[in-house]
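Me: I am new to reading protein models, and I would like a close look at a single part of this one. Could you choose one strand and take me slowly through its surroundings?

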Amino acid sequence: PSAIMKLSQPDPLLLHTDAGEAARTLADQGFALLAPEVLAGWVAGRGVADPEAALESFATHWQNLPADAYLRDGGRYRYRRHASLIQRAAQGDAELQPHRAHWQPTTYNALHGGIERWFEPVEAGMLASPAWQALIAPLGQLFGEAESLRGLPRPDWFIEAHTFRIDTRNGVGRPTPEGAHRDGVDLVAV
């Protein structure tokens, strides 16, 4: 889909067109790149008639992100929202949890760690979109399969979802002003 294809194009030999193959790669090397058609297939497989339009509908939510008020470098270039969800291993769909602060210890994030960051919640319309669950649920299944392949049990997942945008109009944007860091989580999907 064009919404996904607009991203920088990775080496086609690294893209997985099969989720099972991607789970094996994730288990073996710690990362995997999914081809856009896999994501569109997940959305279509959940009964969304026009996956491309459903994914492109997310763009309206990205235009309504509030400024990140917690940038300690004084910048006004990052916009974001936050949601917390639980995905039960036995169910598949992710359940929205009460809104809470995003928090990281300073051992993971020296610049922005150690403070409660109360970002505005992800908009209800985005969370209610069939395309949202159509992406979140299979990602949890993919992560669970990778854990199983590593000999670990399939856990329930606590998910922190961040919708964010970096504004580069006034120069180079800084998506991670804190520099290279771990978020203190097991798995990340971008």
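Reply: What follows is a walk around strand β3 and the aromatic rings linked to its surroundings.

Please keep in mind that this is a predicted model. Strand β3 covers residues 78-87, and 10 of its 10 residues are buried, so the strand is largely enclosed by the rest of the structure. To see how this works out, it helps to recall that in a regular strand the side chains alternate between the two faces of the sheet. In β3 both faces are covered: on one side R78, R80, H82, S84 and I86 are buried, and on the other side Y79, R81, A83, L85 and Q87 are buried as well.

Next come the strands that pair with β3. Strand β5, residues 157-166, runs antiparallel to β3 and is joined to it by 10 bridges; if you look for I86, you will find that its bridge partner in β5 is F158. Strand β4, residues 94-96, also runs antiparallel to β3, and here 3 bridges make the connection, with A94 in β4 as the bridge partner of Q87.

Two residues of β3 also take part in contacts between a charge and a ring. On one face of the strand, where R80 is found, the side chain of R80 lies over the face of F119, at 4.3 Å from the ring centre. For Y79, which belongs to the other side, the roles are reversed, in that R165 lies over the face of the Y79 ring, at 4.8 Å from its centre.

The ring of F119 leads us on to the aromatic pairs, of which the structure holds 2. In one of them, Y70 and F119 meet edge-to-face, with 5.5 Å from centre to centre and 90° between the planes. Y70 lies in the loop between α5 and β3, while F119 lies in the loop between β4 and α6, so this pair ties together parts that are 49 residues apart in sequence. The two partners can be told apart by their accessibility, since Y70, at 24%, counts as partly exposed, whereas F119, at 4%, counts as buried.

The rings of F143 and W157 have their centres 6.0 Å apart and their planes at 75°, so this pair is edge-to-face too. Because F143 lies in helix α7, residues 130-149, and W157 in strand β5, the pair ties together parts that are 14 residues apart in sequence. Both F143 and W157 are buried, and W157 brings us back to β5, the strand that 10 bridges join to β3.

Notes:
Residues are numbered from 1 along each chain as its sequence is written. This is a predicted model: local features need pLDDT of at least 70, side-chain atom pairs count only at pLDDT 80 or more; totals for chains, interfaces and linings use all residues. Side-chain values use heavy atoms; hydrogens and water are left out. Buried means under 20% relative accessible area, exposed over 50%, partly exposed in between (1.4 Å probe, protein chains only). Helices (H or I, at least four residues) and strands (E, at least two) are DSSP runs, numbered from the N terminus. Two strands pair if DSSP finds at least two bridges between them. Rings of Phe, Tyr and Trp (its six-membered ring) pair if their centres lie within 6.5 Å; planes under 30 degrees apart count as stacked, over 60 as edge-to-face and the rest as tilted. A charge sits over a ring if NZ of Lys or CZ of Arg is within 6 Å of the ring centre and within 35 degrees of the ring normal.
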